[in-house]
Amino acid sequence: MMVSIDLHVHLAPKFDPDELGIPGIGRAADGRLTANSSPLGPPSLYRPDEAETYLDRAGLDEAVVSVPPPFFRQGSPGTEQWVQAINDGLLQATERHPRLQPLAYLPLEEPEFAAKEYERVRTEGRFAGVCGPAGGRSVSLSDTRFEPLWTELDADARLLLLHPGTSPDARLEEFYLHNLLGSPVETIIATAQLVFGDVLSRYPGLRLLLVHCGGCVPAVAGRWQRGLDTRRPGVSTLIEPPRRALNRIFVDCLAHDPALIDHAVEVFGENRVVLGTDWPFAMGTDDPRGQLAHRSCAFVEQVATTNAARALGTHSGVRGR
């Protein structure tokens, strides 16, 4: 039996912030974690039973859950303590909820520690994969310091979900542009580093998933290819062209635009689109299949089941069903 899976659902970890002793981290009266007295995410984020209720409403079997950007805290003090608490706490939050498959968080602004943390969680079978910030304050993903991490993810054929971090561009502070524009731009920056750094070509076992239907990536695929074809400075030599490298990437269906779904299928391929909702955030959707409703029913079910299993590989919840 094929299992239908939402690969882009958020959940808060469960832990006591007082035990960490990180300045500025606390807990609000309603139980939410806070950073400098600001709550980290909406109340539903802390309720795994509500995530399962969402799955029931959407007619889905399982969800892959990860911490959202408010928990990234890129460049903040206490990174190692924070990241370990997040990953251990996410296991605790999902312990009695087998329909929720957690992703371990890796701080991509610190390549050496990201590799060290992956070593720590690598053999924990309950993690369906890993996630990390796209852009934001992350180091360029083409940086050679990431090679130990890429080598291990490649060997494990492990899913890496990239979720945009907060843009450092101060111009995006007005009009909610840090999300409306900054998020898709941070995704494209990270993807460009992987494509033009030949990371995807050198580590073919790496299973990369971009949220928000790939952000701005589909719009520039042709421009990237033109840059290679005309031998622009810095892109004259690649193991494989951008168009082919993009065929290695999975993207979720959270496009809010049927035309973008169709374009993403053209750029990444029919077998590279998966369900993703960004639950429980307002910029997401409670109806992931509705994002694909203009296409065939067979395609919608392929996205929900077969493509999800392909993205998760041997770590899929489909095992044993």
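Two strands count as paired if DSSP finds at least two bridges between them. Keep that in mind as you move through this predicted model.

**Stop 1: strand 1 and strand 5**

Select residues 5-10, which form strand 1. Then add residues 62-66, strand 5. The two strands run parallel and are joined over 4 bridges. Now pick out valine 9. Which residue stands opposite valine 9 in strand 5? The residue there is valine 65.

Color strand 1 by burial. Buried means under 20% relative accessible area. By that cut-off 6 of the 6 residues of strand 1 are buried, so this strand is largely enclosed by the rest of the structure.

**Stop 2: leucine 7 and the core**

Stay with strand 1 and select leucine 7. Leave out residues up to four places away in sequence, and leucine 7 touches Val64, Leu159, Leu161, Leu209, Val274, Leu275, Ala308, Ala311 and Leu312. Next, show the largest nonpolar core, a set of 101 residues. Leu7 is among those with the most contacts inside this core, along with Phe71, Trp82, Leu149, Trp150, Leu162 and Leu246.

**Stop 3: helix 12**

Follow leucine 7 to its contacts Ala308, Ala311 and Leu312. These three are also listed among the buried residues of helix 12. Select the helix, residues 297-312. Other buried positions here include Phe299, Val300, Ala304 and Asn307.

Check the length. The 16 residues of helix 12 should span 22 Å at 1.5 Å a residue, and the end C-alpha atoms are 22 Å apart, which agrees. Where is the kink in helix 12 centred? Zoom in on valine 303: the kink there is about 40 degrees. Val303 is itself buried. Step past the helix to glycine 313, where phi is positive, near 60 degrees.

**Stop 4: threonine 305**

Go back into helix 12 and select threonine 305. Is threonine 305 buried or exposed? It counts as buried, because its relative accessibility is 10% and the cut-off for buried is under 20%. Show its side chain. The side chain reaches the backbone oxygen of glutamate 301 at 2.6 Å. Now hide the neighbours within four places in sequence. Threonine 305 is then in contact with Met2, Val3 and Ser4.

**Stop 5: the open sheet**

Finish at the open sheet of 3 strands, with order 2-3-4 and antiparallel pairing. Strand 2 (25-27) and strand 4 (38-39) are at the edges; each has a single partner strand, so one side of each lacks a neighbour in the sheet. Select residues 33-35 for strand 3, which is joined to strand 2 by 3 bridges. Isoleucine 25 stands opposite alanine 35 in strand 3.

Terms used. Residues are numbered from 1 along each chain as its sequence is written. This is a predicted model: local features need pLDDT of at least 70, side-chain atom pairs count only at pLDDT 80 or more; totals for chains, interfaces and linings use all residues. Side-chain values use heavy atoms; hydrogens and water are left out. Buried means under 20% relative accessible area, exposed over 50%, partly exposed in between (1.4 Å probe, protein chains only). A polar contact is a pair of N or O atoms within 3.5 Å; within protein, one must be able to donate a hydrogen and the other to accept it, and residues adjacent in sequence count only if both atoms are side-chain atoms. Contact means heavy atoms within 4.5 Å. A nonpolar core is a set of buried Ala, Val, Leu, Ile, Met, Phe, Trp, Tyr and Cys residues joined through side-chain atoms within 4.5 Å. The expected span of a helix is 1.5 Å times one less than its number of residues. The bend at a residue is the angle between axes fitted to the seven residues ending there and the seven starting there.
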